[in-house]
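Please look over the sequence and the structure shown here before reading on. The paragraphs that follow take up the paired charges, the chain as a whole, the backbone and the pockets.

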Amino acid sequence: MFAQSKKGIRSLACLLTFALLSDVSTAKEYLIEEVAFESQKVMLAASIVRPASVKPKAAVVFVHGSGPQTRNLDIAKRFADDGIISLVYDKRGVGKSGGDYESKQSVSGQNIDLLANDSLAAANFLGSYHASEGLKIGLSGISQAGWIVPLAAKKDKTAEKPIVDFMLIWSGPVCKVSEEDIYSKYTADSDSSEVPSYHEALSARERAYVWPAFLGRDTDSSEDLANLDIPGLWIFGKGDGSIPIDLSMQKLSVLEKAGKPYQSVLFSSSGHNNMSETFATATDWIKRLRE
């Protein structure tokens, strides 16, 4: 895909457009606010979705996987169905957001760092927007967010007033970008009822893998997670052919044994895109954090 460029959003203020929408299939109502927030001198367009008739239990930012993604209102409504406020946004250079979308080197250390800054800016905006409600604020996401969210949380840890209280990640690699690349090249990103192990993918290589220096840091989410102490949940599908599930769960297990407040759950009948069938597990976990 070609890199896209969008004009920055001119106003620094929120777009005070309110819409009370009714979902015909579920007869549930949502309050949707169109907003914009600044990250690295670029304005990103977003929506905050909240349940209209119940007291919210928590708030989350949803972080994109790879690709030129726009905000996902369907996911936001799913969160609202369970009493959770969410902020969903157009990735930089996509939709109504300013900046440039990085299409060629999306997994470079520089780009993942930039996307982590964007997600943290979103969390800070959401936190300030709902400061009076005293809600726990989390970073959630899928796939590539497995590298972005831990890095954002690590950055947040050094802030004067950290905002991120928890992490929730679907199908997120807990390993280096290079390790995921070795695996996904071997599987061709294809889900299967019998996916190979990471060791099989690594052993099949005819030449040693060399991480290109121009890509910067070979981002390692397990390394970033070792520096955090906030609760985290990882949801995996056993048939996922995009990320090395066995390696990721092994690394999470090491972190858990070291006392980190991390949990993982493996769904035997799911693959990489498993959010729909596992959503209740995710939101139940978030709500238990309040207990």
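**A walk through the predicted model**

Asp-113 counts as partly exposed, since its relative accessibility is 28%. This value, like those that follow, was computed from a predicted model. Side chains of opposite charge can pair when their charged atoms come close. Asp-113 forms such a salt bridge with Lys-155, and the closest N and O atoms of the two are 2.8 Å apart. Because Lys-155 lies in helix α3 (residues 145–157) and Asp-113 in helix α2, the pair ties together parts that are 42 residues apart in sequence. Lys-155 also counts as partly exposed, at 25% relative accessibility.

Helix α3 takes part in another pairing, for Lys-154 forms a salt bridge with Asp-224, with 2.7 Å between the closest N and O atoms. Here too distant parts of the chain are linked, Lys-154 being in helix α3 and Asp-224 in helix α6 (residues 221–225), 70 residues apart. The two partners can be described separately: Lys-154 is partly exposed at 25% relative accessibility, whereas Asp-224 is buried at 0%. Both belong to a network of salt bridges that links Lys-154, Arg-217, Glu-223 and Asp-224.

Helix α2 can be visited again through Asp-118, whose side chain meets that of Arg-92 in a salt bridge of 2.7 Å, N to O. Asp-118 sits in helix α2 (residues 109–129) and Arg-92 in the loop between β6 (84–89) and β7 (99–100), so that this pair links distant parts of the chain, 26 residues apart. Asp-118 is buried, with a relative accessible area of 1%, and Arg-92 is buried as well, with 7%. The count of salt bridges in the model comes to 13.

These pairs belong to a protein chain with eight helices and eleven strands. Of its 291 residues, 53% are buried. Among contacts with a separation of 6 or more, 76% are between residues 24 or more positions apart. The accessible surface of the chain comes to about 13,500 Å², and carbon and sulfur atoms account for 51% of that area.

The backbone deserves a look of its own. Most residues other than glycine have a negative phi, and most peptide bonds are trans. Lys-41, although not a glycine, has a positive phi of about 65°; this residue is found in the loop between β3 (28–39) and β4 (42–51), and is exposed, with a relative accessible area of 78%. Ser-171, also not a glycine, has a positive phi of about 50°. Ser-171 lies in the loop between β9 (166–170) and α4, and is buried, with a relative accessible area of 0%.

Which residues are the closest to the centre of the largest pocket? The space in the largest pocket is about 390 Å³, and of the 19 residues that line this pocket, the closest to its centre are Val-107, Trp-147, Glu-180, Asp-181 and Ser-184. Helix α4 (residues 177–187) gives the largest share of the lining, four residues. By type, the lining divides into ten nonpolar, six polar and three charged residues.

The second largest pocket has a volume of about 180 Å³. Its lining includes Phe-62, His-64, Gln-69, Ile-142, His-272 and Asn-273, and the lining residues divide into two nonpolar, nine polar and no charged.

Technical notes: Residues numbered from 1 in each chain as written. Predicted model: local features only at pLDDT ≥ 70, side-chain atom pairs only at ≥ 80, totals over all residues. Heavy atoms only, no water. 1 Å grid on protein atoms, 1.4 Å probe; cavity = no way out; pocket = protein on both sides within 12 Å on 5 of 7 lines; lining within 4 Å. Points joined across faces, edges and corners; volume = space filled by probe spheres on them. Helix = DSSP H or I, 4+ residues; strand = E, 2+ residues; numbered from the N terminus. Nonpolar A, V, L, I, M, F, W, Y, C, P; charged D, E, K, R; others polar. Buried < 20%, exposed > 50% of the residue type's maximum accessible area, 1.4 Å probe, protein only. Contact = heavy atoms within 4.5 Å. Areas by Shrake-Rupley, 256 points an atom, 1.4 Å probe, with all protein chains shown as cover. Salt bridge = Lys/Arg side-chain N within 4 Å of Asp/Glu carboxyl O.
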